[in-house]
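Biologist: I have this model open at the bench and would like a close look at one small part of it. Please start from a single residue and work outward from there.

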Amino acid sequence: VQLQASGGGLAQTGGSLRVSCAASGRTFSRYTMGWFRQAPGKEREFVAAISWSDRGTIYADSVKGRFTISRDNAKNTVYLQMNSLKPEDTAVYYCAAASYFGRSSQAYDYWGQGTQVTVSS
């Protein structure tokens with residue numbers, strides 16, 4: 001699976017952005033899709049994941065209620081809608097694909113290149 005993230009950019013505090021991840025290669029619909037992020041000087045952290053069937057989603061506590069993950073299997077694309085953005089959301093956002101549904105980055109076999117999200121105060 002090849003993953004290509006896009007849609008990052010600059011937003012103000014309280015604003016919104018949507019990042020997308022287009023997949024190609026093996027059957028996209030069979031994979032759990034996740035978003036992770038890494039801020040400067042920090043470790044990569046889990047943000048959100050959605051199961052292959054679109055019936056299950058999980059979120060990090062820090063983004064719950066503000067971010068929404070969704071997928072369109074017909075378009076081989078997963079989205080992360082980010083609302084009520086905060087400066088601490090500033091990071092490089094990575095999409096990833098896994099055969100299992102979970103939060104651990106170790107479960108994810110395929111990774112995109114990342115897209116920068118910057119939130120100004």
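Modeller: Leaving aside neighbours within four places in sequence, S20 is in contact (heavy atoms within 4.5 Å) with Q4, A5, S6, W35, T77, V78 and Y79. S20 sits in strand β3, which covers residues 17-24; a strand here is a DSSP run of E, at least two residues, numbered from the N terminus. With a relative accessibility of 15%, S20 counts as buried, since buried means under 20% relative accessible area, exposed over 50%, and partly exposed in between (1.4 Å probe, protein chains only).

A word on what you are looking at: this is a predicted model, in which local features need pLDDT of at least 70 and side-chain atom pairs count only at pLDDT 80 or more, while totals for chains, interfaces and linings use all residues. Residues are numbered from 1 along each chain as its sequence is written, and side-chain values use heavy atoms, with hydrogens and water left out. On pLDDT, the predictor's confidence in each residue from 0 to 100, the chain averages 95, and 99% of the residues score at least 70. Among the elements, strand β5 (residues 45-50) has the highest mean, 98, and strand β1 (residues 2-6) the lowest, 95.

Back to the strand that holds S20. An open sheet of four strands runs in the order β1-β3-β8-β7, with antiparallel pairing; two strands pair if DSSP finds at least two bridges between them. Each of the edge strands, β1 and β7, has a single partner, so one side of each is left without a neighbour in the sheet. From one strand to the next, the twist averages 15° (axes are lines fitted to C-alpha atoms, and angles run from 0 to 180 degrees between N-to-C directions). Between β7 and β8 there are six bridges in the antiparallel sense, and I69 stands opposite L80 in β8.

L80 is a good place to step into the interior. Setting aside neighbours within four places in sequence, its contacts include L17, V19, W35, V47, F67, I69 and Y93. L80 is also one of the residues that touch the most other members of the largest nonpolar core, together with M33, W35, M82 and Y93. That core has 38 residues, a nonpolar core being a set of buried Ala, Val, Leu, Ile, Met, Phe, Trp, Tyr and Cys residues joined through side-chain atoms within 4.5 Å. Strand β9 gives the largest share, six residues. This fits a wider pattern: in soluble globular proteins, nonpolar side chains tend to be buried together. W35 is worth a second look, as S20 is in contact with W35 and L80 is too.

From β9 you can follow the pairing onward. β9 and β11 are joined by three bridges in the antiparallel sense, with V92 opposite Q116 in β11. On its way along residues 115-120, β11 alternates: T115, V117 and V119 point to one face and are buried, whereas Q116, T118 and S120 point to the other and are not. β11 also pairs with strand β2 (residues 9-12), in the parallel sense over four bridges; there A11 stands opposite V119.

Charged pairs are also worth a look. Four salt bridges turn up in a search of the whole structure, each a side-chain nitrogen of Lys or Arg within 4 Å of a carboxyl oxygen of Asp or Glu. R37 bonds in this way with E45, at 2.6 Å between the closest N and O atoms. R37 is buried at 5% relative accessibility, while E45 is partly exposed at 34%. A second partner of R37 is D89, at 2.9 Å, N to O. Because R37 lies in strand β4 (residues 32-38) and D89 in the loop between β8 (77-82) and β9 (91-98), this pair ties together parts that are 52 residues apart in sequence. D89 is buried as well, at 1%. Salt bridges link R37, E45, R66 and D89 into a network. Elsewhere, K64 forms a salt bridge with D61 at 3.3 Å, and D61 is exposed, with a relative accessible area of 68%.
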